[in-house]
Amino acid sequence: MRKIVNRLLGIVVALALIAVSVVAIIEVVAAAVGARPVLVDWPSALDWARRTRWDDTALKATGLLLALVGIALLLFELWPSRIRRLPVDSPDANMDAAVTRRGLAQDMTAAAGEVDGVTPERVKVGRNRIRVLASARDSLPERVTLQEDVAASAGRHLDRMRLSRRPRLNVTVAGRS
């Protein structure tokens, strides 16, 4: 999402700069040959700027609006993006190795499915935590041991991944009706 917004903003800014540049070139050439303003009535804009004081309400409102837009864009850029890849330890320091969140979720689903009597329901991979939700048809004491088995299986899968920073594993085995 952020990539799309950044690209769209980049295109808008680039097109605006091109348009302003073309208009400026046209007006400079027109002034150089002694013609009247062609596209922009800049003499009247210059007169307005000379008559307007800095404490004018319209200028304050415009400045406030531009400041709010700038702060909103800055906050949007500084807000941490949703992590899509988790880095993996690599023997070569020059190699950038990672696993996607989707791939890790599929692996955790497979880990939960390896335990007999458990059906994986949902796996949610976050920045610092992996939540595994599974269901079992058995009684409550049996579900506790199944939960431990699923946690052990998921832990083995996580160990094999060799993530640089291992997320906390949260396993829940709920009863099925």
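# Exercises on a predicted model

At the start of α3, the backbone nitrogen of Ala-58 has a side-chain oxygen of Asp-56 within 3.3 Å. The model is a predicted one. The exercises below start from this helix and move through the rest of the chain.

## Exercise 1: two helices and their spans

Task: State how the end-to-end reach of α3 and of α1 compares with the reach expected at 1.5 Å a residue.

Solution.

Step 1. Helix α3 covers residues 57-78, which is 22 residues. From its first C-alpha to its last it reaches 31 Å, close to the expected 32 Å.

Step 2. Helix α1 has 31 residues. Its first and last C-alpha atoms are 44 Å apart, close to the expected 45 Å.

Step 3. Look past the end of α1. Gly-34 follows this helix and has a positive phi, near 85°.

## Exercise 2: a nonpolar patch on the surface

Task: Find which helices each supply at least two residues of the nonpolar surface patch, and which one gives the largest share.

Solution.

Step 1. List the members. The patch of about 1100 Å² is made by Ile-4, Leu-8, Ile-11, Leu-15, Ile-18, Val-22, Ile-26, Val-38, Leu-39, Val-40, Trp-42 and Leu-46.

Step 2. Assign them to helices. α1 (2-32) and α2 (42-51) each supply at least two residues. The largest share, seven residues, comes from α1.

Step 3. Recall a rule of helix geometry. An α-helix has 3.6 residues a turn, so residues three or four places apart point the same way. The patch members Ile-4, Leu-8, Ile-11, Leu-15, Ile-18, Val-22 and Ile-26 can be checked against this spacing in the structure.

Step 4. Take one member in detail. Trp-42 is found in helix α2. Trp-42 counts as partly exposed because its relative accessible area is 41%, and partly exposed lies between 20% and 50%.

## Exercise 3: the largest nonpolar core

Task: Identify which elements each supply at least two residues of the largest nonpolar core.

Solution.

Step 1. Begin with the core itself. It has 23 residues, and those with the most contacts inside it are Leu-104, Met-108, Ile-130, Val-132 and Val-150.

Step 2. Map the core onto the chain. Two helices, α4 (101-113) and α5 (140-161), each supply at least two residues, as do the strands β3 (118-125), β4 (129-136) and β5 (168-175). The largest share, five residues, comes from α4.

Step 3. Set this beside a general tendency. In soluble globular proteins, nonpolar side chains tend to be buried together.

## Exercise 4: salt bridges

Task: Say how many salt bridges a search of the whole structure finds, and describe each pair.

Solution.

Step 1. The search finds three. Side chains of opposite charge can pair when their charged atoms come close.

Step 2. Asp-55 pairs with Arg-53, with the closest N and O atoms 3.2 Å apart. Asp-55 is partly exposed at 43% relative accessible area, whereas Arg-53 is exposed at 59%.

Step 3. Asp-96 pairs with Arg-85 at 2.9 Å, N to O. Asp-96 lies in the loop between β1 (85-87) and β2 (98-100) and Arg-85 in strand β1, so the pair ties together parts 11 residues apart in sequence. Asp-96 is exposed at 60%, and Arg-85 is partly exposed at 43%.

Step 4. Asp-159 pairs with Arg-166 at 2.5 Å, N to O. Both count as partly exposed, Asp-159 at 49% and Arg-166 at 44%.

## Exercise 5: three single residues

Task: Decide whether Ser-153, Asp-116 and Arg-162 are buried, partly exposed or exposed, and place each one in the chain.

Solution.

Step 1. Ser-153 sits in helix α5. Its relative accessibility is 1%, under the 20% limit, so Ser-153 counts as buried. The side chain of Ser-153 reaches the backbone oxygen of Ala-111 at 2.8 Å.

Step 2. Asp-116 is in the loop between α4 and β3. At 72% relative accessible area, over the 50% limit, Asp-116 is exposed. Its C-alpha is 8.3 Å from that of Leu-146, although the two residues are 30 apart along the chain.

Step 3. Arg-162 lies in the loop between α5 and β5. Its relative accessible area of 46% makes Arg-162 partly exposed.

Step 4. Check the backbone of Arg-162. Most residues other than glycine have a negative phi. Arg-162 is not a glycine, yet its phi is positive, about 55°.

Terms used. Residues numbered from 1 in each chain as written. Predicted model: local features only at pLDDT ≥ 70, side-chain atom pairs only at ≥ 80, totals over all residues. Heavy atoms only, no water. Patch = residues over 30% accessible without salt bridge, like charges linked within 9 Å, V, L, I, M, F, W, Y side chains within 5 Å. Areas by Shrake-Rupley, 256 points an atom, 1.4 Å probe, with all protein chains shown as cover. Salt bridge = Lys/Arg side-chain N within 4 Å of Asp/Glu carboxyl O. Helix = DSSP H or I, 4+ residues; strand = E, 2+ residues; numbered from the N terminus. Buried < 20%, exposed > 50% of the residue type's maximum accessible area, 1.4 Å probe, protein only. Expected span 1.5 Å × (residues − 1). Polar contact = N/O pair within 3.5 Å; in protein donor to acceptor, adjacent residues only side chain to side chain. Core = buried A, V, L, I, M, F, W, Y, C linked by side-chain atoms within 4.5 Å.
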